[in-house]
Amino acid sequence: MFPRDTGLLVGKVLQGETRTLARVLSMVENGDPLSESIMHDIYDPARRSLTVGVTGPPGAGKSTLTCRLIGYWRGSGRKVGVIAVDPSSPFSGGALLGDRVRMQEHASDPGVFIRSMGSRGHLGGLAGSTRDALELLAAAGYDPVIVETVGVGQAEVEVASLADITLLVLVPGMGDEVQTMKAGIMEIGDIIVLNKADRQGIDQLESSVMASLELLPEGSHRPPVVRCSSLTGDGIEELTGEMDGLLSGILDRDSLVRRRTTLILESILREKGRHMAARVVEARFGSIERAVDLILDGKTTPYGIGVLLSEEHASKAGD
Amino acid sequence: MERRIRVLIGKPGLDGHDRGAKYIARALRDAGMEVVYTGIRQTPDAIASAAVQEDVDFVGLSLLSGAHNHLFPEVARLLREKGGDDIVLFGGGVIPEEDIPGLKEAGFRAIFAPGTSATEVVDFINREMQDRV
C-alpha cells in the first residue's frame, strides 16, 4: 500500500502529489515515528509561501470569508492551501469538522487543497500539528496557505505567530465596547474585518473598534478596519486591497521566518521536555497515576516531583 | 502515537434532507471519530476529492432522492481514480432492498436502511478498522 520510505514520501510531497501529501499530513497529525524525519527533510527556511491566518469568534463567518479569499487567489492562478481547525471533544476525542460546508464551490478545483483538523486537545486556537501541516502544504507548492482557527474567545492568539498576516473577523452583537478594550485577541489582527456588515449593530461595532484603536500608543501600528459581507461579497475587494498593501509593505520577510522558526523550535523543545520529564517520573514511580497515589498518600507533593526533576537534570548536566 | 478514525459524511445529488447525515455525523463524533461533514448537494467529484485530501478511512453517503444507483458507484469510481481505493465506502438513505447487491458490487461495504441505529454504524466502522490492521 503506502511505502514507509521517508525519501519517497518527501519526494512525492515536493512534487505536489495530493494523495501522498494527504497521507503525510495524517502521519504528522498522528505523531507517526517517521514524521520527524519527514519534517526534517521538508523544512526549508528559504521557502516563501504566504501564510494568512483567519481568526475570530464562532459563527463570525471565517469559513465563508476563507472561501472568498480562495476565489480571489485562484483568480490570479495561484494554488491555494487551506488548513481549517475545528475543536475536538475533550470527552470523546471526536470532532465534527464542518468548515468545508462553506467552501463547497472549490471542492473539485485541483488547484485548491483543503484539510480539516481537529484541535486534539491543543489550546491556542490551532492543532498541535498545524505548524507542520503549514510547512507541508507550502512544500507541495501551495501559496498562499490560509489557516482558519477554531472559533476563538479572547486569548487564543497562536495563529498570529505562525501567519505572515492575520485577519481578525468580528461581527455585530458580541458585547459592549469593554470587550474591544481587552488584551489578547483584539491585539493580533493585522487587519480587522467587520463581517456581516449588512446586520444591525455594525456602526456600533465599528465605533467601538475604532475607539479602542485610538487608545493605542502614539506611533504604534494601527490595523486597517474593513467592513464586508462574506456572504454577498460586498467589501471583499477592499479587504484584498488592504491585504496586498500590507503584504507589499512587509519587506522584512526574514524576521517573519525567524519568528516562525523560533516558534517551531520552542514547541518541539516543550514537547520533548514533557516526554523526557514523564519518562523520569515513570522510571521513578512506575506511572503518572502511581505518582498521584503517592502525592495523595502524603508521601510527596507535585512540587516535590518538580524538585526531583530539577535535581535529576542537574546531576545529568554535571556528568 | 494517537490515531483517530476519520470519516467523511457527504450527500451527493439534489435532495436537501440532511437530518440523517447530521445524526450519523454527530454519533460518530461522540464515538471519538473525526468527522468531515461536507454538506448537501455535492457532486461525486467534490466528495471524492475531499475524501482524498482529508485522508479519511471511510466515506459515508446519504441519499434520499432515488439516484443512488447512479451516484454511489460514481463516487466509488472517482475515489479509485484518485488513488483512494483503500477508503471504505458505506451508504444510507431510502434505498430499496433489491438495489443493495448492485451497490455492494460497486464497492460499498454496507448499506444502512432507514431506522438503523447509530450504534450499528459505529460498530460497523470499528469492525472494519480491526480487519484493516
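**Entry 1: a helix over the sheet in chain B**

I started with helix α2 of chain B, residues 44-53, in this predicted model. I found that α2 lies across three strands of chain B, namely β1, β2 (34-37) and β3. I looked up its direction too: α2 runs at about 165° to β1(B). With over 145° as the cut-off for roughly antiparallel, I can therefore call α2 and β1(B) roughly antiparallel.

Next I checked helix α3 of chain B, residues 68-81. Which strands does α3 of chain B touch? I got β3, β4 (88-93) and β5 of chain B, so α3 packs on the sheet as well. The direction of α3 makes about 165° with that of β3(B).

**Entry 2: the sheet itself**

I then went through the strands. How many strands does this open sheet have? I noted 6, in the order β3(A)-β2(B)-β1(B)-β3(B)-β4(B)-β5(B), and the pairing is parallel. Chain A gives β3(A) to this sheet, next to β2(B).

Which strands are at the edges? They are β3 of chain A, residues 95-97, and β5 of chain B, residues 108-112, and each of them pairs on one side only. I also wrote down the twist: neighbouring strands are turned by 20° against each other on average, ignoring direction.

I zoomed in on one pair. Strand β1 of chain B (residues 6-10) and strand β3 of chain B (residues 58-63) pair in the parallel sense over 4 bridges. For B:Val7, I found the bridge partner B:Phe58 in β3(B).

**Entry 3: two helices crossing in chain A**

Over to chain A, where I picked helix α1 (residues 6-14) and helix α3 (residues 35-42). Their axes come within 10 Å and cross at roughly 50°. That makes α1(A) and α3(A) oblique to each other, because 50° falls outside the ranges for parallel, antiparallel and perpendicular. The crossing of α1(A) past α3(A) is right-handed.

Which residues make the contact? From α1(A) I listed A:Thr6, A:Leu9, A:Val10 and A:Val13, and from α3(A) I listed A:Ser37, A:Ile38, A:Asp41 and A:Ile42. Sorted by type, the contact has 5 nonpolar residues, 2 polar and 1 charged.

**Entry 4: domains of chain A**

Last, I looked up the domain assignment of chain A: domain 1 is 1-43, domain 2 is 44-250 and domain 3 is 261-318. The centres of domain 2 and domain 3 of chain A are 37 Å apart, taken over C-alpha atoms. Their contact takes 4 residues from domain 2 of chain A and 4 residues from domain 3 of chain A. On the domain 2 side, I noted 2 nonpolar, 1 polar and 1 charged.

Notes. Residues are numbered from 1 along each chain as its sequence is written. Chains are lettered from A and ligands numbered from 1 in the order in which they are written. This is a predicted model: local features need pLDDT of at least 70, side-chain atom pairs count only at pLDDT 80 or more; totals for chains, interfaces and linings use all residues. Domain bounds come from an automatic or database domain assignment. Two residues are in contact if their C-beta atoms, placed from the backbone, lie within 7 Å. Ala, Val, Leu, Ile, Met, Phe, Trp, Tyr, Cys and Pro count as nonpolar, Asp, Glu, Lys and Arg as charged, and the others, Gly among them, as polar. Two strands pair if DSSP finds at least two bridges between them. Axes are lines fitted to C-alpha atoms, for helices over the stretch in contact, and angles run from 0 to 180 degrees between N-to-C directions. Angles under 35 degrees count as roughly parallel, over 145 as roughly antiparallel, 65 to 115 as roughly perpendicular and the rest as oblique. A crossing is left-handed if the near helix is turned anticlockwise from the far one by less than a right angle, and right-handed if clockwise.
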